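Have you ever wondered how a label in structural biology is earned? Let us take a few such labels and trace each one back to its value.

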Protein chains: 2
Amino acid sequence: MDYQEKLISFYQSRKRMPTYSEMLSLFGFKSKNAVARVIEKLVEAGVVTKDKLGKLIPTSLFDEIPLLGSVKAGLPAPGEAVDDTLNIESYLVRKRESTYLFEVDGDSMIDAHIANGDIVIAERTSSARQGDIVIANVDGEFTMKYFCTKNGKVWLEPANKNFKPIYPEHELTIVAIVRGVMRKY
Amino acid sequence: MDYQEKLISFYQSRKRMPTYSEMLSLFGFKSKNAVARVIEKLVEAGVVTKDKLGKLIPTSLFDEIPLLGSVKAGLPAPGEAVDDTLNIESYLVRKRESTYLFEVDGDSMIDAHIANGDIVIAERTSSARQGDIVIANVDGEFTMKYFCTKNGKVWLEPANKNFKPIYPEHELTIVAIVRGVMRKY
DNA sequence: AGTATAGGTGAACGATTGTTCACCGTCAAC
DNA sequence: GTTGACGGTGAACAATCGTTCACCTATACT
């Protein structure tokens, strides 16, 4: 296990960066100077960052999970190195401040493979493009549907043939765009 | 904005906990003792934790995103308090060490609403229960399917009528259970 | 042989850390 | 009116922080 992996594993279990003294034993050195040299390299390599003053800051690397291309390749042996990794949170969330989660209620988007009980990641906004899945206020009620626009008219389409398109009587206000979905088994 | 929110917002932007000096200005105090008292309260309340020695550790609260029950309730006004929140990563990942991500290739699980291009969260294991979605090695090939067992026989079922069940000729080894799915738009 | 260079030790440094103590005002309860 | 709890100030504390310097030992290159 190299220095980077040791750092990451420390961070994951302790939820913070180690101090230089802790890295002494973590890396197996006897001099803090040796640690400082290692850290200097890691900072240059972009593995970790340093604060305005000194403190070590983790990069997104520190919360990543192995990403294997396809199921067909199988799993790597435990301990075997993986080159591609993914940070789940930053994959799903682009703008944290304006992001909200919703629990899906109903099957109106089932043909888009958004099922009852799924959780959608939505980003607050007031505009959308044709084909976006949006959360909108139609005549006072909120729903999640496909956003459609044609010849200046706007309406919402469900992804379920048992439901009908929704044409607003008075108003259709977009409040959020659905950026992702997740589901747990 | 109360102390807890200030801490969280500091942590989210700086990726680490503030020092007592930083909290001095963050909270608007003039004495570190005032800070210490606040922290003491927050530790009791379980908002933050302390290390084996002194250092402040964030709880899962620090990476959470507002979770709104249902779409029908709409979005809260910006700045309005939300009581329910969710940590995406810990929602999807239970055992980090044995968790792997796969990009889904093909439509064989489409009726389970796992589509081509989705990313599945899989947990390495060697046993599964009837109905689990598993990644398995069947006669040398890896696939993702429903795991079925009856009368001592084991086989795999796709979630797509265009595909046939897979009965192993020689071996069927489970390598992982699918614990979740995610998709980005 | 001579000499960089990389990677390590060991000791020292001032700065900052988290903690603790004595003290002070305000408010509510008795 | 006195008391006690609460929330704050200000100053001090040893311990630890990250940094830096001189030095040592291999290995590789002229």
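The questions below concern this predicted model.

Q: What makes the two copies, chain A and chain B, related as by a two-fold rotation axis?
A: Two copies of a chain are related by a rotation about an axis and a shift along it. Here chain B can be laid on chain A by a turn of 180° with a shift of 0.1 Å along the axis, and the RMSD is 0.2 Å. The two copies are thus related as by a two-fold rotation axis.

Q: How do you know through which surface the copies meet?
A: Look at the interface residues of chain B: 100% of them are also interface residues in chain A, so the copies meet through the same surface.

Q: How many helices and strands does chain A have, and what makes it more spread out or less spread out than a compact globule?
A: Chain A has four helices and ten strands. For 185 residues the globule rule gives 16 Å, but the radius of gyration of chain A is 24 Å, well over that value, so chain A is more spread out than a compact globule. Its C-alpha trace spans about 75 × 40 × 25 Å along the principal axes. The domain assignment gives domain 1 (3-70 + 80-88) and domain 2 (99-182), and the centres of these two domains of chain A are separated by 41 Å.

Q: Why is I174(A) called buried, partly exposed or exposed?
A: A buried residue needs 20 or more other C-beta atoms within 10 Å of its own, while an exposed one has 12 or fewer. I174(A) has 18 C-beta neighbours inside 10 Å, so it counts as partly exposed. I174(A) sits in strand β10 (residues 172-184) of chain A. Leaving aside neighbours within four places in sequence, its contacts include T125(A), V134(A) and F147(A). S127(A) is another contact of I174(A); the two are 47 residues apart along the chain, yet their C-alpha atoms are separated by 6.2 Å.

Q: What makes a residue count as near DNA strand D, and which are the closest?
A: The C-beta atom must lie within 6 Å of the strand. For DNA strand D, 13 residues surround it, the closest being T19(A), Y20(A), K30(B), S31(B) and N33(B). At least two residues each come from α2 (20-27) and α3 (32-44) of chain A and from α3 (32-44) of chain B. By kind, the residues of this surface divide into four nonpolar, six polar and three charged.

Technical notes. Residues are numbered from 1 along each chain as its sequence is written. Chains are lettered from A and ligands numbered from 1 in the order in which they are written. This is a predicted model: local features need pLDDT of at least 70, side-chain atom pairs count only at pLDDT 80 or more; totals for chains, interfaces and linings use all residues. Copies are superposed by least squares on the C-alpha atoms of residues with pLDDT of at least 70 in both. Two residues are in contact if their C-beta atoms, placed from the backbone, lie within 7 Å. Ala, Val, Leu, Ile, Met, Phe, Trp, Tyr, Cys and Pro count as nonpolar, Asp, Glu, Lys and Arg as charged, and the others, Gly among them, as polar. Domain bounds come from an automatic or database domain assignment. The radius of gyration is taken over C-alpha atoms; the globule rule is 2.2 Å times the number of residues to the power 0.38.
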